[in-house]
Amino acid sequence: MNRHVVAKVEDIQPGTRKIVTVKGREIGIFRVGDDFYGLINRCPHQGAPLCRGEIVSRLVAPSPGDYRLTRPGEMIRCPWHCWEFDIRTGQSLCDPNSVQARAFDVAVEPGRALVEGPFVAESVPVTVEETYVVVTL
Amino acid sequence: MAHSQGDHGGRDCLAGAIDCDIHPAVPSTRVLLPYLDDYWREHILRRGLERENLETSSYPANAPINCRPDWRLPSGPPGSSLAALQSHLLDRLRPSFAICNVIHGAQVMLSEDLSAALCRAINNWIRAEWLDQDPRLRASIVVPPHSAELAAEEIERCAPDRRFVQVLLLAMTELPLGRRQNWPIYRAAEAHGLPIGIHAGSSFRHPPSALGWPSYYLEDYVSQSQGFAAALNSLVSEGVFVKFPALKVVLIESGVTWLPASLWRLDKTWRGVRSEVPWLEQLPTETVRKHVRLTLQPFDAPPTEKQLQTLLEQLGSDRMLLFSSDYPHWHFDGDDALPAGLPADLVRKICVDNPLETYPRLKETMR
Ligand code: FES
């Protein structure tokens, strides 16, 4: 397992995503508020580029007509057949226990720490002044 | 495993079974007159309606399929004689109970009030002339489906008599069955522990097929399964089983083979449009297995026993099928009311366990 620096924090604004390639694998890095999450860019259903789908909320209704918008901006909807996945866990809404997109650990690290510890910078040059998004893979 | 047809479809196996669909017929509108309240008796006599038989047009009395030849009566429409029912079915196959489902024009009438008045009369008539005369009989409450309020009132009126075990609707009336206008009916039924029986049939104010009016009975009868699929789809999608979690629905004369494919499609599509019906948190198939039952006759069995086994596997639950003879309609000959090829343990479930689970009121008077 290595830690890969994939972006500067300010490159990914809240509510957006960036698709990066780490060890030949495409990963979507999502920013929800100030939290970052990583999902494989491959839908477990039929392999669509999942992370290019729309970022949506979770619509729920404990009873018909009792509508509630929850978890705004925390779901990704597959661009092919519109299955919804939880950005935080990769779990699908239609079958959370058996249909899951692989999720990766994503952390935010100050450049100072990265300069000291082992990491792979790939295409992102690191300086001590900035803060970075780091994927473990 | 399966017995031979004559053996397991026959009399001995059915002794003690619960027949979930028989059809007593109102012999003529005249017999309802004493069971109407004064206002509506006068109304009907002034209009001369007592001279109309008010049958629905889908199963004309003289069509061969409408009655087994050896069950035809010397006079009166098929199913209109209690004595004949006793000798043809009750004393012969010896079911412990048989549930009377009256199909009558009152259920599809345009006037909500007349429809309600006639439904009240039919419920009074079935109670006095059938239920009071034979302890093996139970009945569905007939209601005016186009007025959910009046239907709910009739459920309230009849429910205290525990021999009414179900509320009867038709698959294709003016609204898809899941629509909220119908919910007072489901609310009342659930409150009294009564399943909703949905019988094949239409008000025939709209075509029985989405493609328009058919020319032949063949088309009409086969289209019924599409009507049932649409009715079930509506009940599930509108969230009736989420709103009324204790409600059970019995599809009567729906056939069975259409169900697995219809559910596969429902499940598959639900995964992509789930957010549109956010009250459906579960795979629709799970909801249907929990809430929906189907009567057996007329059974659209596949050609071979092996295919029948496959169908039963696809249903994925041994709790869904309920025995029915569909008396006096002609779906089997002799005493072979059960289709061949059903495993013996499933037969027991179909004949006894499943009906008792579906109709909790039957257990109260089990001998
Ligand atoms: S490929 Fe993603 S939902 Fe089908």
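This report walks through a predicted model of two chains, A and B, from strands to interface to helices.

## Chain A at a glance

Let's start with the fold of chain A, which has 1 helix and 9 strands. Going along the sequence, the pattern reads β-β-β-β-β-β-β-β-α-β. If you put a box around the C-alpha atoms of chain A along the principal axes, you get roughly 55 × 30 × 20 Å.

One backbone oddity to look at is Lys23(A), where phi is near 50 degrees, a positive value in a residue other than glycine. Lys23(A) sits in the loop that links β2 (17-22) to β3 (25-32) of chain A.

## Strand pairing in chain A

Chain A has an open sheet of 3 strands, ordered β5-β6-β7 and paired antiparallel. Which strands stand at the edges? They are β5 (54-60) and β7 (84-86) of chain A; each has a single partner strand, so one side of each has no neighbour in the sheet. On average, neighbouring strands here are turned by 60 degrees against each other, direction ignored. Zooming in, strand β6 (residues 68-77) of chain A pairs with β7(A) through 3 bridges, in the antiparallel sense. For a handle on the register, Arg77(A) has Glu84(A) in β7(A) as its bridge partner.

Strand β8 (residues 103-110) of chain A also has pairings to follow. With strand β4 (residues 35-40) of chain A, β8(A) makes 2 bridges, again antiparallel, and Leu39(A) stands opposite Ala103(A) there. With strand β9 (residues 131-136) of chain A, β8(A) shares 6 bridges, and the two strands run antiparallel. In that pairing, Asp105(A) faces Thr136(A) of β9(A).

## Where the chains meet

How many residues of each chain are in contact across the interface? Chain A puts in 16 residues, and chain B puts in 14. Together the two chains bury about 1,300 Å², with carbon and sulfur atoms giving 53% of that area. On the chain A side, Leu59(A), Pro64(A) and Cys94(A) supply 38% of what chain A buries against chain B, more than any other three residues.

## Helix packing in chain B

Now for chain B and some of its helix pairs. Helix α3 (residues 38-47) and helix α5 (residues 112-131) of chain B pack at about 110 degrees, with axes 11 Å apart. Angles from 65 to 115 degrees count as roughly perpendicular, so α3(B) and α5(B) are described that way. The crossing of α3(B) past α5(B) is left-handed. On the α3(B) side, the residues are Trp40(B), His43(B), Ile44(B) and Arg47(B); they meet Asp113(B), Leu114(B), Ala117(B), Leu118(B) and Arg120(B) of α5(B). By class, this contact has 5 nonpolar, 1 polar and 3 charged residues.

Helix α6 (residues 148-158) and helix α7 (residues 183-191) of chain B make an angle of about 15 degrees, and their axes are 7 Å apart. That makes the two roughly parallel, and their crossing is right-handed. Ala148(B), Glu149(B), Ala151(B), Ala152(B), Ile155(B) and Glu156(B) of α6(B) come up against Pro184(B), Ile185(B), Ala188(B) and Ala189(B) of α7(B). The class split for α6(B) with α7(B) is 8 nonpolar, no polar and 2 charged.

## An oblique pair and two cis bonds

Helix α10 (residues 258-273) of chain B packs on α12(B) at about 40 degrees, with the axes 9 Å apart. The two are therefore oblique to each other, and α10(B) passes α12(B) in a left-handed crossing. Leu259(B), Pro260(B) and Trp264(B) of α10(B) make the contact, along with Leu311(B), Gln314(B) and Leu315(B) of α12(B). What classes do these residues fall into? The tally is 5 nonpolar, 1 polar and no charged.

Where in chain B do Pro298(B) and Pro328(B) lie? Pro298(B) is in the loop between β7 (292-295) and α12 (305-315) of chain B, and the peptide bond from Gln297(B) to Pro298(B) is cis, with omega near 0 degrees. Pro328(B) is in the loop between β8 (321-322) and α13 (344-358) of chain B. The bond joining Tyr327(B) and Pro328(B) is a cis peptide bond too, with omega about 0 degrees.

How values were computed
Residues are numbered from 1 along each chain as its sequence is written. Chains are lettered from A and ligands numbered from 1 in the order in which they are written. This is a predicted model: local features need pLDDT of at least 70, side-chain atom pairs count only at pLDDT 80 or more; totals for chains, interfaces and linings use all residues. Side-chain values use heavy atoms; hydrogens and water are left out. Axes are lines fitted to C-alpha atoms, for helices over the stretch in contact, and angles run from 0 to 180 degrees between N-to-C directions. Helices (H or I, at least four residues) and strands (E, at least two) are DSSP runs, numbered from the N terminus. Angles under 35 degrees count as roughly parallel, over 145 as roughly antiparallel, 65 to 115 as roughly perpendicular and the rest as oblique. A crossing is left-handed if the near helix is turned anticlockwise from the far one by less than a right angle, and right-handed if clockwise. Contact means heavy atoms within 4.5 Å. Ala, Val, Leu, Ile, Met, Phe, Trp, Tyr, Cys and Pro count as nonpolar, Asp, Glu, Lys and Arg as charged, and the others, Gly among them, as polar. Two strands pair if DSSP finds at least two bridges between them. Buried area is the accessible area (1.4 Å probe) that two parts lose on being put together, summed over both.
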